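Let's take a friendly walk through this structure together. Have the sequence and the 3D view side by side as you read.

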Amino acid sequence: MIDGKKVLFSGMQATGNLTLGNYLGALKNWITLSDEYECFYSVVDMHSITVRQDPAVLRKRARNLLTLYIAAGLDPKKNCIYYQSHASGHAELAWILNCFTYMGELNRMTQFKDKSAKHADNINAGLFTYPVLMAADILLYQADVVPVGVDQMQHLELTRNIAERFNNIYGDVFTVPEAYIGKVGAKIMSLQDPTKKMSKSDENPNGSIYLMDDPDTIMRKCKRAVTDSEACIRYTDQQPGLKNLIDIYSACSGCTPQETVKAFEGKGYGDFKAAVGEAVISVLKPLQEEFDRLSKDKAYIDGIIKDNAEKANYFSAKTLRKVQRKVGFPDRIR
Ligand code: TYM
């Protein structure tokens, strides 16, 4: 609790171009929840270097992502929007938690298996212990709730296990966090292969809608989305391409999948795909305009980076000092 409010933590990697999946699965819910909680939204640049990065590109992308959080509607005066690398407590707590995490647990992480298959030439220890850093991110702020897409659930379960293990030894040190998964949009699939999640790292650019895609590109990608030959608008696992488009439409327009199906009853796929395109454009266009406006205001963004790094360090130091005492590190002399 901070000032009587429960705490929310979430983050995104500044790697690759953000997709509509990132927006609908995470960012959109962050905005909905931001009034209710004391929120920490991090640009998790330390996670990004588990895969080789061009330093200049990473720096640029991290700044763009931070700006995007604000452009999407998160008020940086109320929400702590900051770079993970600016709060050293993340790395310090991650080290301690490494000593409370088992190799077997990390070996079971599907994201590690996927990423090490993809980057076989660089299976570094950071890639392996990535979920421990993620646990540190969350536990450092005593977060009650963590809004994420379905793909992060396994990491969140591990975070809960680490927190409970630590608490069993040392007493109630950490809040055990709950995941928040949105009702629609928690797993947006590729437009070209609806059995795969929409991903920043997809080689086929037509599979993903990127947050910075222009309206024509969005419309073209929606119209080309893979569907089926049933020619009937239904929300079923047997029609995964269509189901995904219904999810996208519903999440963008704020209705339930059932309401969407009803609204398009008897319509052809062509009409529906065009409506999906329009719905996505209506969400992304204002976001892009606000992003362009904010990006030009260097002093404003710099001020936010500075103030919120201080805020993140202030709150994270409280937990870190407590944990350091618990495990037996000597007190600091002031
Ligand atoms: P990342 O950067 O891959 O994704 C950011 C958020 O977007 C969600 N997401 C999706 N949701 C729905 N459909 C999709 N196709 C889709 N693709 C991505 C993700 O679930 C995530 O919520 N390890 C995390 C970043 C992280 C983090 C944390 C998250 C680091 N520390 C602490 C929460 C709390 C990651 O790589 O997310």
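What follows starts at the ligand and then moves on to a pair of helices.

Keep in mind that this is a predicted model. Begin with the surroundings of the ligand, where 26 residues make up the shell. Among these, Y130, D137, G149, D151 and I188 come nearest. If you sort the shell by class, you will find 12 nonpolar, 10 polar and 4 charged residues.

Now zoom in on the polar contacts. At Y130, a polar side-chain atom sits 2.7 Å from a nitrogen atom of the ligand. I188 takes part through its backbone instead: one of its polar backbone atoms is 2.8 Å from a ligand nitrogen atom. For an oxygen atom of the ligand, look to K200, which places a polar side-chain atom 3.0 Å away. How much of the ligand does the protein bury? On its own the ligand would expose 710 Å², and the protein buries 97% of that.

Next, trace the shell back to the secondary structure. Strand 1 (7-12), helix 1 (20-33) and helix 7 (125-140) each contribute at least two residues to the shell around the ligand.

Helix 7 is a good place to step outward, since it also packs with helix 8, which covers residues 153-170. Their axes are 9 Å apart and meet at an angle of about 65°. Angles of 65 to 115 degrees count as roughly perpendicular, so helix 7 is roughly perpendicular to helix 8. As for handedness, the crossing of helix 7 with helix 8 is right-handed.

Notes. Residues numbered from 1 in each chain as written. Predicted model: local features only at pLDDT ≥ 70, side-chain atom pairs only at ≥ 80, totals over all residues. Heavy atoms only, no water. Near = heavy atom within 4 Å. Polar contact = N/O pair within 3.5 Å; in protein donor to acceptor, adjacent residues only side chain to side chain. Areas by Shrake-Rupley, 256 points an atom, 1.4 Å probe, with all protein chains shown as cover. Helix = DSSP H or I, 4+ residues; strand = E, 2+ residues; numbered from the N terminus. Nonpolar A, V, L, I, M, F, W, Y, C, P; charged D, E, K, R; others polar. Axes fitted to C-alpha atoms, helices over the stretch in contact; angles between N-to-C directions. Parallel < 35°, antiparallel > 145°, perpendicular 65-115°, else oblique. Left-handed = near helix turned anticlockwise from the far one by under 90°.
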